[in-house]
Amino acid sequence: DFDRYKRKVENWAEGLRNDALFNIPSYVDCFLSENIVRKYITTEQIPLTDPAKTEITNWRDRERRRKEEANISFDLRQYDDDLSYLGMDFLAKVVEGNSSNHNTTSLVRDATDYKPMRNAIGHTALLTDAAKQRLTLVYENIKGRIRRMLSEE
């Protein structure tokens, strides 16, 4: 019986392997997307918006409470950087403001497209092929947008 259950679990793991092979580098792409925008904000010395400051305060407080609940006294983050508390939607609005022109390229539009897929990956969901393709394209679009903004300076 034990061998049968062992094989069953191994088969499940093997069946999930292809999705894992996509999700892991896709999570890396999400990490890179957000951190590229953070680097841009830092390099260009773009000031934080009031909503971004409020979001940072809320996340810092939430993290502090959760660390206390988990009996964690050590630092979690390598750098105590306000930008690390902002997700792509807030980062994009720091760069471009609250609205975007729907007829032009925009990090705000990319952030809107990106969020559902990023959240699904972050919660270890199995993405459809269409979602995988879209996530890859949004990542490429974010890199391209930052390159273009840098070249326009």
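Okay, hi everyone. Reading along the sequence, the pattern of this chain is α-α-α-α-α. So that we're clear from the start, this is a predicted model. In secondary structure terms, we have five helices and zero strands.

Let's talk about overall shape. The radius of gyration is 19 Å, while the globule rule gives 15 Å for 153 residues, so this chain is more spread out than a compact globule. If you lay the C-alpha trace along its principal axes, it spans about 65 × 40 × 20 Å. Of the 153 residues, 29% count as buried. The accessible surface comes to about 10600 Å², and carbon and sulfur atoms hold 52% of that. And here's one on contacts: take those with a separation of 6 or more, and 68% of them are between residues 24 or more positions apart.

Now, the inside. Which residues touch the most other members of the largest nonpolar core? They are Val37 and Leu107, in a core of 29 residues. Helices α1, α2, α3, α4 and α5 each supply at least two residues of this core. The one that gives the most is α4, with seven residues.

Let's stay with Val37 for a second. Leaving out its neighbours within four places in sequence, Val37 is in contact with Met88, Leu91, Val95, Leu107, Ile142 and Ile146. So you can click on Val37 in the viewer and look for those partners.

One of them is Val95, so let's go there next. Val95 sits in helix α3, which runs over residues 88–96. Is Val95 buried or exposed? With a relative accessible area of 17%, Val95 is buried, because the cut-off for buried is under 20%. If we again skip residues up to four places away in sequence, Val95 touches Val37, Tyr40, Ile41, Ile46, Leu107 and Met149. And here's a pair of distances to compare for yourselves: Val95 and Asn35 are 60 residues apart in sequence, and their C-alpha atoms are 13 Å apart in space.

Okay, out to the surface. There's a nonpolar patch of about 490 Å² there, made by Ile24, Tyr27, Val28, Phe31 and Leu32. Take Leu32 as an example: it is found in helix α1, residues 2–43. Its relative accessibility is 31%, so Leu32 counts as partly exposed.

Last topic, charges. Side chains of opposite charge can pair when their charged atoms come close. How many salt bridges does the structure hold? The count is 14. I'll walk you through a few.

Start with Asp82 and Arg60, whose side chains meet in a salt bridge at 2.7 Å, N to O. This pair links distant parts of the chain, with Asp82 in the loop between α2 and α3, Arg60 in helix α2, and their positions 22 residues apart. Asp82 is partly exposed, at 32% relative accessible area, and Arg60 counts as partly exposed too, at 25%.

Next up, Arg64 and Glu68, which meet in a salt bridge at 3.4 Å, N to O. Why are these two about one helical turn apart? Because they are four residues apart in helix α2. Arg64 counts as partly exposed, at 42% relative accessibility, whereas Glu68 counts as exposed, at 54%.

Then there's Asp113 with Arg134, a salt bridge at 2.4 Å, N to O. This pair also links distant parts of the chain: Asp113 is in helix α4 and Arg134 is in helix α5, 21 residues apart. Asp113 is partly exposed at 29% relative accessibility, and Arg134 is partly exposed at 38%.

And one more, with three residues in it: Glu34, Arg38 and Arg118 are linked in a network of salt bridges.

So, to pull it together. We have a predicted model with five helices and zero strands. Inside, there's a nonpolar core of 29 residues, where Val37 and Leu107 touch the most other members. On the surface, there's that nonpolar patch of about 490 Å². And the structure holds 14 salt bridges, including the ones we just went through. That's me done, thanks!

Methods: Residues are numbered from 1 along each chain as its sequence is written. This is a predicted model: local features need pLDDT of at least 70, side-chain atom pairs count only at pLDDT 80 or more; totals for chains, interfaces and linings use all residues. Side-chain values use heavy atoms; hydrogens and water are left out. Buried means under 20% relative accessible area, exposed over 50%, partly exposed in between (1.4 Å probe, protein chains only). Contact means heavy atoms within 4.5 Å. Patches are made of residues with over 30% relative accessible area and no salt bridge: like charges are joined within 9 Å, nonpolar side chains (Val, Leu, Ile, Met, Phe, Trp, Tyr) within 5 Å. Accessible areas come from the Shrake-Rupley method with a 1.4 Å probe; for residues, only the protein chains shown count as cover. A salt bridge is a side-chain nitrogen of Lys or Arg within 4 Å of a carboxyl oxygen of Asp or Glu. A nonpolar core is a set of buried Ala, Val, Leu, Ile, Met, Phe, Trp, Tyr and Cys residues joined through side-chain atoms within 4.5 Å. The radius of gyration is taken over C-alpha atoms; the globule rule is 2.2 Å times the number of residues to the power 0.38.
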